[in-house]
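Q: I'm new to this structure and would like a close look at a single part: the place where two of the chains meet, and the salt bridges around there. Could you walk me through it?

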Amino acid sequence: LEEPLLFEIGHADETGVDLPEPAADAANRLGGFDRDTSIGLKGLHEPEAVRHYTRLSRQNYGIDLGLFPLGSCTMKHNPRLNEKVARMPGFADLHPMAPQSTAQGALQVIHELGEWLKTLTGMPGVAMSPKAGAHGELCGILAIRAALEARGDARKVVLCPESAHGTNPATAAFAGYEVEDIPATDEGRVDFEALKARLGPDIAAVMITNPNTCGLFERDFKKIADAVHEAGGFVYCDGANFNAIVGRVRPGDLGVDAMHINLHKTFSTPHGGGGPGSGPVVFSDALAPFAPLPFVKQEDDGTYYLVEEESREHRGPSFGRMTAFHGQMGMFTRALTYMLSHGADGLKQVSEDAVLNANYVLRSLEDLLHAPYADSGPCMHEALFGDAGFENGLSTLDLAKGLIDEGYHPMTVYFPLVVHGAMLVEPTETESKAALDQFITAFRSVAERAKAGDEGLKQAPYYAPRRRLDETLAARKPVLAWTEPDRD
Amino acid sequence: LEEPLLFEIGHADETGVDLPEPAADAANRLGGFDRDTSIGLKGLHEPEAVRHYTRLSRQNYGIDLGLFPLGSCTMKHNPRLNEKVARMPGFADLHPMAPQSTAQGALQVIHELGEWLKTLTGMPGVAMSPKAGAHGELCGILAIRAALEARGDARKVVLCPESAHGTNPATAAFAGYEVEDIPATDEGRVDFEALKARLGPDIAAVMITNPNTCGLFERDFKKIADAVHEAGGFVYCDGANFNAIVGRVRPGDLGVDAMHINLHKTFSTPHGGGGPGSGPVVFSDALAPFAPLPFVKQEDDGTYYLVEEESREHRGPSFGRMTAFHGQMGMFTRALTYMLSHGADGLKQVSEDAVLNANYVLRSLEDLLHAPYADSGPCMHEALFGDAGFENGLSTLDLAKGLIDEGYHPMTVYFPLVVHGAMLVEPTETESKAALDQFITAFRSVAERAKAGDEGLKQAPYYAPRRRLDETLAARKPVLAWTEPDRD
Amino acid sequence: MRYLPLTDTDRGDMLAKIGASSIDDLFVDVPQEARLDGPIHGLPMHASEMAVEAHMRRRSKKNLAAADAPFFLGAGAYRHHVPASVDHIIQRGEFLTAYTPYQPEIAQGTLQMLFEFQTQVARLYGCEVANASMYDGSTACWEAILMAGRVKKRNKAVLSGALHPHYTEVAKTMAKFIGYEIADAQPSIQPQPDNSGLIARIDDETSCVVVQYPDILGRIPDLAEIAEAAHAKGALLIAVNTEPVALGAIKSPGELGADIVVGEGQSIGVGLQFGGPYLGLFAVRDKKLVRQMPGRLCGETVDAEGKRGFVLTLSTREQHIRREKATSNICTNSGLCALAFSVHMSLLGEKGLRQLAAENHRLACLTADRLAQVPGVTVLNDNFFNEFAVTLGQDARQVVRDLAAKGVLAGVSLGRLYPDVDSLSDALVVATTETTSEEDIEALGAALEEALS
Amino acid sequence: MRYLPLTDTDRGDMLAKIGASSIDDLFVDVPQEARLDGPIHGLPMHASEMAVEAHMRRRSKKNLAAADAPFFLGAGAYRHHVPASVDHIIQRGEFLTAYTPYQPEIAQGTLQMLFEFQTQVARLYGCEVANASMYDGSTACWEAILMAGRVKKRNKAVLSGALHPHYTEVAKTMAKFIGYEIADAQPSIQPQPDNSGLIARIDDETSCVVVQYPDILGRIPDLAEIAEAAHAKGALLIAVNTEPVALGAIKSPGELGADIVVGEGQSIGVGLQFGGPYLGLFAVRDKKLVRQMPGRLCGETVDAEGKRGFVLTLSTREQHIRREKATSNICTNSGLCALAFSVHMSLLGEKGLRQLAAENHRLACLTADRLAQVPGVTVLNDNFFNEFAVTLGQDARQVVRDLAAKGVLAGVSLGRLYPDVDSLSDALVVATTETTSEEDIEALGAALEEALS
């Protein structure tokens, strides 16, 4: 059964909530702005709504259904305890401007999570308010810019590797910087010598992802950081892949000045079909004073205090506010729950198992698929392959769609850009060996078809709720909202 | 992907909970009964468990996915507020033997629900402890037996119509009665004259479902009740179909002495794949004193008091205890929530819409399918059809399986026994007209195939998680538990 | 009204299709005097979700939730920590809103789960076959007694005095109407269960002996000895287990010779819920008895393409086929509770159940030691799992009430369970689980010291 | 460890397959001095679910939940009743654990929902196109200012003084690094918003005028007047709405001439959550502006068999394609919150939203009337929806704290929002919703009477 749109099944004058009918003649104080036209919304009764959304949900794939090997996205299991905790009334039913005396437990959670992040990263400062990873990147770059401006240093360029997430250059541009590429070596890492040669008084910062998007640890990271610092710049580490090293390596020991942490990647808050994320940023001593408002301080008497704009005496040289209120509290409670569950020993096991699983996938497929950096050392949390050897014009996209027919969500495709037809596979630590073996078998079968030039793959998927969708049509003639069909 | 058994994927020495390892040498006080053999259980880590059960769930059909027209089962929408309320800590985390001073709210809910049931049925007494409909039937019959014995009357026979639910005769037998059939008229109702002729000093009770399982209201119910009373017997009404008349007709006005109410049918508590149910019983004045222990009384000071065995002074001639503790509290909270949501006006609308929907189905199919009682007046909450006119040996079962391929759960089949190839369709009031129209179209299409003798139907379903299952094999060589496969 | 999707326009169109002029026309078969004109008098009208939720929340707040007090109640219902994922799964609409799996092609989720559940229960109890659950432990116990009568063609059940008194009451209530003799007894307040007394009551008319394991006072009876005696008289041994967690620490009833094992499964996954819905467990040691079992059974088979699948089977025992000749009148089982049990048990696994049992026992030992230090308190048991009896030297019911007023939920008094038996009135049954903290234990000890001083 | 399915045996087998002798071998590229030997010092070890839940529950209990007090806080975040079915649906694993729908064939659930969401938001705001959500209202507001700059090629935004101060702060923080001029102002404590003052500040350099509707003091500004003035200067009008429920009662910004409408969607479905995650709404009146919009867009298309389907589209605006030339650096949206919004809005429908709005307004009128009776209190507003400002004649921050200590959550003081502005220090913003009871109103009135006497 196909599921119609809610606007096709909803009722213009029915509702799924029971509220009193407004008194028709009640005086109002709307100042004459009373709405006098239809909004055009449709209503569903509860049975209709539950069924509509339940049916829609079944057209989705999620971690709960199977392995979800999207590289760089870290689709790990989302523990259900996290969901339960986030719904405790003291967290869920608390207003952001509640008097601070009535929100001590919430402020404590923010503080406690910040302390965990600082300890896990070995960094002295933290900003909790960024709403997502890209917002965290912006937070880090703005802190760098504020620190540079505070010393009167008007540097204009940020360096990013070609393999960077698109958010890195976009963020730098959003913060008013020019962006230049850093070249990579043949083995998939930043070219230290080339980078060093580019350093100079115009370089505000370098943004490096570590482990990088080829799934490799940047061996020279500390040397790079030292060189950047030497040249008066700052080191931004994209922490999207922190899950590969959490509990085993502290970025602070590598010379990082700022790093965002995706709570929805490393710390298991749900992805929810594209958000919400949460992107706290840890800072070095040099940047910590410039962290954004608001932030939580613990007072000497043990109480917690939210430093907002008002607190001129406390705020210091903060670069200002990035968002209303104080950050993604609903994600903080989930992430802290996850951290407490794993503890220091568990988080170490998390990164070890994530890396082990990825290497297992790498070594189970490298005989069949081109693995450009297979000789560059062990991979970290994700394994990278290219499309070399595919016959008959079959592409990475075809392989991905073929995997759908095997019952899997595909890996990340065509990223990073440095590898032709890239396929980035991140199994995460929450997959069992049995699940990996089953996935590898399926993957091999589809890869063999791609190498054999099986034309059938070009039309895959066959067994999904939809066949391939016409993205060109969608972009050429955008239909972005439902409209009433024309009457005959 | 096929989902293996948990015993095939689970781990003998891993667990999905984190508990302390027991100290190996701890002294214990188990008296030498320490377990020294393996239990044979398997454990799943949380990600494995969530995925296992999520995948299993997707092989099920539920009301949330579509119309579920099982006649006599009343598969109506299960409101989500009910689930939320049942999980409030004061209900969910309360011990049944909690001191009564610490459980006043719970006792009040039991009392309040009982008052609703009494008012809705127009009956003066209620027993809340029966665990399900069949248990409620037993409660009613035992009360009748206790009342008869109290007056020294050793009647031995209970009369049931042929169209009765199987539980009726089974219950009467379980309570030590002989069971005799009551014949039906051609129009599908109890034959009053025949019944009256059979009444006499050996008849303890008649058990009549009203509306009956042919979906018809027993017009003569009051006359029957008067005649039974005249003859010194009691009238048990099977309340499984109370949803057809709730809020519009009070069984107490029809002369009923006892009637159970399926909270999971009329009052929307979830069916849960086969339970738990809940079967409170309402009583006439004649039977109320014999109701089972325990029950809740409200004291003059407004407090609530649970009358258990201890309360010799209060218990009166109660026939005794039917279950440990006090009944299906988790279903009481849900049912009361539902009743409060609908109120007196909403419940009346419930029965009206249930009857309207069933008549709409009846009149939309009667031209195509044999509807044996189509001329017996309007149906109530369910519409009954027979298999007359199917060609090529096609059966009701084939039609049912064909409906599966159309995306529906089939109706009840081969019940009641009085109609050949019976198909009992109960749409319930929580289906929209659009949903009914879609269902009717699908039903007509399959019915037309059955009448045309389409052999393809014999192998249906084709598009379900499983094709037809071999029930004979299952019964002939029962495999009722998993065992380790033999090693080669 | 939020749960009723028909609009007034729909209603009009449908009446037209039906050929009725009004809804009243559809109720024409109801005698006029029984038809009500308007909504039933004396009940409120419909209310918003917000209003109903507030109403029920007020009721809920008038109860003292176990989490909010030092808590030591057991006696047939135990408070255990249930992982959050259990509740997540039982709220999947496909489980929550499914019916009994009569159409197996689209009910494999429920069926496979039931098959796994049966396997878990059978193994836990040391049996070959378990059914797909019953209402609760007390009704499962009565069904077992009935079954023993069918198997042995005898009509007398001998009940241990240390069987949960509610279970005894249920059996007596049901038996009296069908002429089944229930030979019950009162519990002996002794460190060990009175096995010899029980054995002496078995005779050649006895269909079954019913023994709780561990018993109502938390003592662990020697089932093997009783099994031998029962079998010698041609009777079955029915073991009753109200705390399945115990079987992570002690031998299974099956391996000790019990023929039928029934239990209350509430401890695993289901929660307290003020007494219901709970989960009746029912297993037989020897699968030859399966055709006399009550309740639903799920069995393995294959589909038309040869794929493994599951169906309800052996339904010729059941009421919808056999009517008055059925083995039981049961129609529903406790499916959703069985799912909760099975999910929780899957998360525990063998290792987790054993750890859980060890932790329960450890805390019970700590509690017994602490209470033994309270002047006036005597710990009765020689052995126990997570529950034991103490005597207080005064009316335990009143002590429980007094402690409740101070926010301590001290246990279940035997005076509440056995109101007629004065000799039991100073005894209290105290249970601990993994949810009991050492602070709770100290709070109980201190409160008892104050109350008894 | 309960979330880690590998067993030690698995780990050994996998290392063997990899050809590594230990896990350490896989971390060989990490410089030795950065590798830690054991677990990170200073953090606890892993803990059971029960222990973690207890830890977090203790934290939760240290907060005063809104349900447990008379509650009148608003100022950009509103407490509404959310139907239970909303939370049920967002917990469906297929929604909860899905990723951004980059593989549309197996993500139609999320995509169709987003398409429906876009339609709902566009209609609510009187616009042609809405995007698939942003982080929150404040960041959506800044994205709108940036967009206006792209559209108009101007770099000066004129902000109403009655824009939420957090939103103003965000714009100022972001703007200062890229040389975008933000002309802000302070709110006028007057019964009506200062439209003429705002209009006077618009000049030929102005890319956009940003006006909150209703504003931070709950007043409803005449957007049409401002739109006309802005358009006359070649500037766009950006309307900011922090209470979407208001639009069930008052005209939409789009029909009054706003070019971009942004909002905070938290009121519908999402809940308070101490400030996040929330839901940024973003719509443009004229679809010709769509290619300058930030954020994700979901569009309708067909699949290879001609069936209707949905995809993310126009992604050439986005960072993963355009990198430093993207319209925004945003990567995630607020998908799960958008789902909650869309489900709740579907349940409301046109009728429910209007009833909800009417009920909110009714209670706000009652509250204003009650507070007007309190000696010392002056109700400022001539008009309002569900929120209005009062002056207390003394420091409102302190009054709020004093009332909190008595368990009454009285509102948001302007002193907290505008710490620098002494002239605002005696003002308080009071919000009511359908969750406000008449007892709550009386409790607030009485508490204020006591505090101000």
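A: Here is a walk through the meeting of chain B and chain D, followed by the charged pairs around there and elsewhere.

First, some ground rules. This is a predicted model, where local features need pLDDT of at least 70 and side-chain atom pairs count only at pLDDT 80 or more, while totals for chains, interfaces and linings use all residues. Residues are numbered from 1 along each chain as its sequence is written, chains are lettered from A and ligands numbered from 1 in the order in which they are written, and side-chain values use heavy atoms, with hydrogens and water left out.

Now to the interface. On the chain B side, 15 residues are in contact with 15 residues of chain D (contact means heavy atoms within 4.5 Å). Between them the two chains bury about 1,200 Å², and 56% of that is on carbon and sulfur atoms; buried area here is the accessible area (1.4 Å probe) that two parts lose on being put together, summed over both. Three residues stand out: Asp18(B), His45(B) and Arg80(B) supply 45% of the area that chain B buries against chain D, more than any other three residues.

What holds charges across this interface? Side chains of opposite charge can pair when their charged atoms come close. The rule finds two salt bridges between chain B and chain D, a salt bridge being a side-chain nitrogen of Lys or Arg within 4 Å of a carboxyl oxygen of Asp or Glu. Arg58(B) pairs this way with Glu94(D), their closest N and O atoms being 2.7 Å apart. Five residue pairs, both partners at pLDDT 80 or more, are also found in polar contact across the interface; that is a pair of N or O atoms within 3.5 Å, where within protein one must be able to donate a hydrogen and the other to accept it, and residues adjacent in sequence count only if both atoms are side-chain atoms. Helix H2 (46-57) and helix H3 (80-86) of chain B each give at least two residues to the side that touches chain D. Helices (H or I, at least four residues) and strands (E, at least two) are DSSP runs, numbered from the N terminus.

Glu94(D) has another partner in its own chain: its side chain meets that of Arg92(D) in a salt bridge (3.5 Å, N to O). Both Arg92(D) and Glu94(D) are buried, where buried means under 20% relative accessible area, exposed over 50% and partly exposed in between (1.4 Å probe, protein chains only). Step back, and Arg58(A), Arg58(B), Arg92(C), Glu94(C), Arg92(D) and Glu94(D) are linked in a network of salt bridges.

Chain B also reaches chain C. Lys84(B) and Glu53(C) meet in a salt bridge (3.1 Å, N to O), crossing from helix H3 of chain B to helix H3 (residues 49-61) of chain C. Lys84(B) is partly exposed, with a relative accessible area of 35%, whereas Glu53(C) is buried at 7%.

For a pair inside chain D, look at Arg285(D) and Asp259(D), which meet in a salt bridge (2.7 Å, N to O). Arg285(D) lies in the loop between strand S7 (280-284) and strand S8 (297-302) of chain D, and Asp259(D) in the loop between strand S5 (236-241) and strand S6 (260-264), so the pair ties together parts that are 26 residues apart in sequence. Arg285(D) counts as partly exposed at 28% relative accessibility, and Asp259(D) as buried at 9%. Over all chains, the count comes to 124 salt bridges by this rule.
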